[in-house]
Each structure stands twice: as structure tokens, then as C-alpha cells.
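Please open the structure in your viewer and keep the selection panel at hand. The stops below each give something to select and then say what is there.

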Amino acid sequence: MKLRLATWNINSVRARIGIVEQFVKTYRPDILCLQETKVMDSAFPKAAFKKMGMHGIAIHGQKNHHGVATVAKSALPEMHKRDWCSEGDARHVLTPLQTARGAIDLHNFYVPAGGDVPNPDENPKFAHKLAFLDEMIDWSKDLKTPSIIVGDLNVAPLESDVWSHKQLLKVVSHTPQETERMKTMQEAHGWVDIMRRIKPEPERLYSWWSYRAKDWRASDRGRRLDHIWVSPELADAVSHMEVVEEARGWEKPSDNAPVIADFDF
DNA sequence: ATGGTGGGTAGCCCA
């Protein structure tokens with residue numbers, strides 16, 4: 001049983017429904033996990049996804065900000081949401097999957113970006129981000145079901161996940177406070193970072209390029225903020241992974257590129 | 001050192 005899974009921070013699903021369709025047509029994911037949908041559930045463009053052949057739709061949205069959605073070719077009969085940090089934010093949706101390897105929990109996350117100042121005493125957004133990661137660490141310790149975490153975790157954990165390790169050490173997304181928590185979280189469950197299993201360090205591997213660069217491709221000041229992690233027993237099922245950098249150059253792009261993983265269960 | 005670009009939505013907030 002082959003399964004193509006993709007994750008993409010889309011920065012408004014309504015503003016970018018055209019390139020979502022382009023992505024689905026070109027890359028044919030069986031399951032697509034979106035973050036920053038920026039739409040209430042009542043206004044989610046369900047019809048457009050059904051037209052693309054994505055009939056399973058699990059959404060957790062809110063007005064204006066954040067919001068996640070997992071869509072799939074097959075039905076997604078079950079979904080669960082969790083209110084991380086009790087903030088009332090739409091940052092997570094769980095869709096249990098039935099595979100040839102049995103039940104697998106697919107968790108789609110949008111971790112808080114954390115603002116600009118990397119000090120939790122001065123910046124409540126950074127404090128929220130650290131608390132969110134701490135909650136994910138505790139949660140990882142107790143997980144029993146084989147699981148997949150995907151999404152925009154807003155942290156680039158490794159040196160070659162950023163264009164300049166030295167210059168980004170004090171920039172939110174690559175501070176030791178964040179990268180150490182990523183490592184602790186991986187150890188708490190045994191999470192396997194399958195992007196790095198396929199393309200190990202020190203190869204350059206980015207999924208996000210700022211809108212503010214004059215020429216994102218030429219300057220290539222990227223960061224790997226988007227991730228696909230799996231429980232240890234699922235690691236050998238991964239046969240392929242790619243960051244679809246091409247999509248960063250499409251018409252009116254998101255600043256994040258999609259990440260694809262192929263599984264053979 | 002600074003400000004650069006986007007989306008959502010009604011005034012700035014957030015990324």
C-alpha cells in the first residue's frame with residue numbers, strides 16, 4: 001500500500017486555492033495537510049477540494065489567523081482537535097488512518113511563530129511558542145499509537161536547516177531554546193525526522209523563504225520550518241521525500257514550499 | 001542598522 005503525504009503552510013487557503021489545485025494535479029498527494037488556512041470552518045472551500053478529488057476533509061479553523069486542514073482522496077471518517085496551551089487557537093487536527101500496518105495517527109500542527117524577540121520574559125508570543133513545544137514534549141512521552149507529525153513547526157533545528165547558523169542563533173526559529181526543545185521532543189518519543197533520513201546533514205534543506213527578499217531564489221536565505229516526523233516503527237516505510245521548491249516560485253506563492261513523503265506500508 | 005512583503009480585515013495584527 002503506497003501513500004503519498006504532503007504538508008504545506010499555504011498562508012490563506014482561499015487566496016491560494018489556485019496553486020493548491022496546481023499542486024494536487026501535479027504531485028497527486030493522497031493526503032495533504034495544510035496550515036495557516038486563515039478561514040472559519042463555515043467558509044472553507046470544500047467544493048474546490050472535492051472537485052480536485054479530495055473527498056476527505058478534516059478542518060480546524062478560526063477567523064482571521066492560524067487554522068489547519070487535512071484533506072485526502074479517501075474519506076477521513078474521524079477527526080479530533082486539541083486546544084494546545086488552552087489558547088483557543090486552531091493549530092492542530094488529528095485524523096486516524098487505517099493502513100496495511102494498522103492504525104496510524106496523523107497529526108497536523110501549526111506551531112506558533114513566536115514573534116521577533118527571543119526572550120520569553122519580554123515577548124509573550126515567544127513564551128507561548130516555548131510552552132507549546134513543552135506541551136508537545138510531554139504529549140510525545142505518552143504516545144502509544146504509531147504516529148506521524150507533520151506541519152509548520154516554525155523551528156529550523158539543525159545547522160544546515162538555515163542559510164547561516166551563526167547569523168540565526170538569535171533569530172526566532174533557530175535559537176538554542178527552540179532547537180533544544182525539538183531535540184528533546186524527538187527523544188521523548190523516538191521521533192524520526194524523515195526529511196533528514198532521506199537528505200542527511202550537511203545538505204542544504206529549506207522549506208521557507210521570506211517574502212521580503214528581493215529575489216528569494218538568488219539570495220536563498222531559507223529555513224527548514226516544515227517537518228515530517230514518524231514513530232520509529234514507521235521509519236522504514238518511507239521511500240521518498242522532496243521539498244517542492246518549484247511551488248515557491250508559482251504565481252502569488254506562499255512563503256512556505258510543500259514537503260512530500262512517500263510511504264510504502 | 002533598518003526595513004523589506006504578504007493575508008485578513010476594517011484598524012492594525014500577524015507571519
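In what order do the five strands of the open sheet lie, and is the pairing mixed? The order is E5-E6-E7-E11-E8, and the pairing in this open sheet is mixed; helices (H or I, at least four residues) and strands (E, at least two) are DSSP runs numbered from the N terminus, and two strands pair if DSSP finds at least two bridges between them. Strand E5 (92–99) and strand E8 (192–193) stand at the edges with a single partner strand each, so one side of each has no neighbour in the sheet.

Before going further, note that this is a predicted model, in which local features need pLDDT of at least 70 and side-chain atom pairs count only at pLDDT 80 or more, while totals for chains, interfaces and linings use all residues. Residues are numbered from 1 along each chain as its sequence is written, chains are lettered from A and ligands numbered from 1 in the order in which they are written, and side-chain values use heavy atoms, with hydrogens and water left out.

Next, select strand E7 (residues 147–152) together with strand E11 (residues 226–230), which pair in the antiparallel sense over five bridges; Asp152 stands opposite Asp226 in E11. Add helix H3 (residues 124–141), which packs on the sheet and touches strand E6 (102–110) and E7, contact meaning heavy atoms within 4.5 Å. The direction of H3 makes about 170° with that of E6, where axes are lines fitted to C-alpha atoms, for helices over the stretch in contact, and angles run from 0 to 180 degrees between N-to-C directions.

Move now to strand E3 (residues 56–60), where five of the five residues are buried, so the strand is largely enclosed by the rest of the structure; buried means under 20% relative accessible area, exposed over 50% and partly exposed in between (1.4 Å probe, protein chains only). Gly56, Ala58 and His60 point one way from E3, whereas Ile57 and Ile59 point the other way. In a regular strand the side chains alternate between the two faces of the sheet. E3 pairs with strand E4 (residues 68–72) in the antiparallel sense over five bridges, and His60 stands opposite Val68 in E4.

Then pick Asp89, in the loop between E4 and E5, which is buried with a relative accessible area of 14%. Leaving aside neighbours within four places in sequence, Asp89 is in contact with His60, Gln62, His66, Asp83 and His128. The side chains of Asp89 and Arg91 are joined by a polar contact of 3.1 Å, that is, a pair of N or O atoms within 3.5 Å; within protein, one must be able to donate a hydrogen and the other to accept it, and residues adjacent in sequence count only if both atoms are side-chain atoms.

For the last stop, show DNA strand B, which 18 residues surround, the closest being Ser12, Arg16, Tyr211, Arg212 and Lys252; a residue is near a strand if one of its heavy atoms lies within 4 Å of it. Sugar and phosphate account for 64% of the atoms of DNA strand B that come within 4 Å of the protein. A polar side-chain atom of Arg212 lies 2.7 Å from a base nitrogen of DNA strand B, while a backbone N or O atom of Tyr211 lies 3.2 Å from a sugar or linking oxygen of that strand.
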